[in-house]
Amino acid sequence: MDTNRFDFLNRPRALSTALVLSWTIFIGLGVLVSAFCFSYLFLPAAMHLPLNLLFFLMAIAGLRLLMVVLSSLHQRAALQLRKKEPDTARQHFRWALRLTPGNPDLYCQWAQLEGEQDQFEQAHRLLEQAQFLSPNYDEPDLQWAYLALKQLSWREANRHLDRAYRLRRGIAWNDLPERIPEADPAEPIARRMPTKLSKLRHDLEQLEFLLNGNYLAPSFRSLQQAYQLLLQQLSEQGRGQADPHGKLILTKTEHASIYLAYGRNYYVSPVPAFPRAVLHPDLNLEQLQADYLSSEMGLISFDSLMQPDACEALLHFCQKSSIWHDDTRPGGYLGAYLDDGFHCELLFQLAAELRKALPKIFKGAHLKHMWAYKYDSQKPTGIGVHADNALINVNFWLTPDHANLEPEGGGLIVYHCETPTDWSFEDYNHDTSKTLAYLEEQAPAQTVIPYRQNRVTIFNSRLFHASAPLHFKDEYLMRRINVTLLFGDGP
């Protein structure tokens with residue numbers, strides 16, 4: 001069901017009413033169909049119900065439609081109740097699956113509930129069923145990865161995330177070399193597609209960087225030329241020039257020219273775990289924990305998070321890998337996420353070492369999510385004020401310092417103010433106007449952390465924070481890259 005059109009069903013009473021009404025209609029229609037069949041099969045013609053075959057077929061279609069509607073309502077009820085009443089939520093999942101037994105999403109969502117209740121064996125069985133129903137669906141592997149993270153098995157998580165990403169985005173050229181055809185693809189593959197001019201520029205710059213470094217086969221030159229031609233045509237037409245970070249719709253023909261690279265996993269830089277520790281050995285771990293615990297709201301920032309070669313390896317991973325698929329953000333930056341390509345063994349190793357090295361800060365919280373943002377160099381505004389649904393944020397930077405044209409800026413602003421307890425995730429993560437009004441009313445103190453490569457800020461995830469104004473060199477390798485690791489809490 002379309003969640004935007006049926007928002008009223010988020011209210012428990014409205015959902016209960018819809019369920020009762022739908023079941024009443026379903027049972028009534030079922031009784032009528034059964035009576036119609038019985039009368040025609042077992043009673044003389046004079047006693048047949050005064051209904052024709054067309055009505056019978058319409059009733060059968062109505063029953064089938066109601067099964068889908070009821071399944072969706074039970075699914076919505078299960079998702080609403082999974083935190084407060086997990087046993088009732090399980091019953092709703094059972095009914096939803098009885099009505100639509102071949103729905104792999106239901107198995108995955110039920111598995112997520114079981115994982116939240118630490119019922120890992122049951123969760124695995126549900127995911128196996130989902131994968132059996134849809135072998136090429138990426139969601140079961142994603143849920144397996146989240147279960148593995150909760151069980152502190154990051155190598156297993158990485159394996160499942162690898163598979164999920166390749167199911168979603170395809171096999172990378174350096175995983176399994178493939179011929180890139182010179183001719184345009186068939187027209188039916190293409191579609192009208194929303195994008196941004198800044199996203200297309202980034203993708204061209206990344207292609208050129210990979211080709212010039214001999215990371216890609218020469219056959220990829222045809223894609224480079226296609227991007228160049230497309231950007232030239234867009235410039236001549238004046239499309240996207242006024243606002244390179246605004247929405248731009250490509251025609252089917254324009255999409256067809258670049259579809260072999262756009263949104264695809266065509267190159268991933270492999271970054272294995274290191275055979276020794278990656279945290280910098282000079283860190284005073286006891287002092288860092290003491291500083292965090294004594295801070296007003298839970299906040300520390302320090303330099304030299306990782307050993308230099310580890311920082312460099314993660315920088316190369318972000319510069320080379322074609323994982324920057326999210327161009328929906330308004331601040332002039334692209335996103336890469338744990339569940340869509342942003343993962344490697346070294347990242348998981350870093351998270352595990354942090355958790356072990358700073359136990360008084362993390363208090364047993366497990367890694368639950370991570371992402372990176374890469375910024376455009378032409379008038380980016382960065383990330384607006386928001387908070388995150390977790391316990392601990394770890395935010396660090398990878399791009400070299402000399403890329404930053406304003407050394408005392410380009411970093412992070414953390415407000416000494418937590419989200420109100422009665423605010424929803426949508427309130428504090430997406431409703432910028434409400435957040436700004438609240439901060440204006442509270443007038444909290446703030447800490448401004450200037451940008452430095454390999455500098456990290458660890459803070460209470462409920463604190464409001466935002467990007468500081470930034471100005472970086474206009475070169476592909478100079479784009480600002482920040483990484484966020486989230487630990488604990490949240491859905």
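**Exercise 1.** In this predicted model, find which residues Phe-396 is in contact with, leaving aside its neighbours within four places in sequence.

*Solution.* Start at Phe-396 and look for heavy atoms within 4.5 Å. With the neighbours within four places left aside, one group of partners of Phe-396 is Leu-305, Met-306, Leu-314, Leu-347 and Leu-350. The list for Phe-396 also includes Arg-455, Val-456, Ile-481, Asn-482, Val-483 and Leu-485. Next, place Phe-396 in its core: the largest nonpolar core has 61 residues, and Phe-396 is among those that touch the most other members, together with Phe-342, Val-394, Leu-398, Ile-458 and Leu-485. Finally, note a second, separate core of 25 residues, with Met-193, Leu-197, Leu-216 and Leu-260 among them.

**Exercise 2.** Describe how helix H4 and helix H5 pack.

*Solution.* Take H4 as residues 104-116 and H5 as residues 120-133. Their axes are 8 Å apart, at an angle of about 165°. Angles over 145 degrees count as roughly antiparallel, so H4 is roughly antiparallel to H5. The crossing of the two helices is left-handed. On the H4 side, the contact residues include Tyr-107, Trp-110 and Glu-114; on the H5 side, they include Phe-120, Leu-126 and Leu-133. Sorted by type, the residues of this contact are 11 nonpolar, 3 polar and 1 charged.

**Exercise 3.** State how many helices and strands the protein has, and what share of its residues is buried.

*Solution.* The secondary structure consists of 16 helices and 11 strands. Of the 491 residues, 52% count as buried. For contacts with a separation of 6 or more, 80% are between residues 24 or more positions apart.

How values were computed
Residues numbered from 1 in each chain as written. Predicted model: local features only at pLDDT ≥ 70, side-chain atom pairs only at ≥ 80, totals over all residues. Heavy atoms only, no water. Core = buried A, V, L, I, M, F, W, Y, C linked by side-chain atoms within 4.5 Å. Buried < 20%, exposed > 50% of the residue type's maximum accessible area, 1.4 Å probe, protein only. Axes fitted to C-alpha atoms, helices over the stretch in contact; angles between N-to-C directions. Helix = DSSP H or I, 4+ residues; strand = E, 2+ residues; numbered from the N terminus. Parallel < 35°, antiparallel > 145°, perpendicular 65-115°, else oblique. Left-handed = near helix turned anticlockwise from the far one by under 90°. Nonpolar A, V, L, I, M, F, W, Y, C, P; charged D, E, K, R; others polar.
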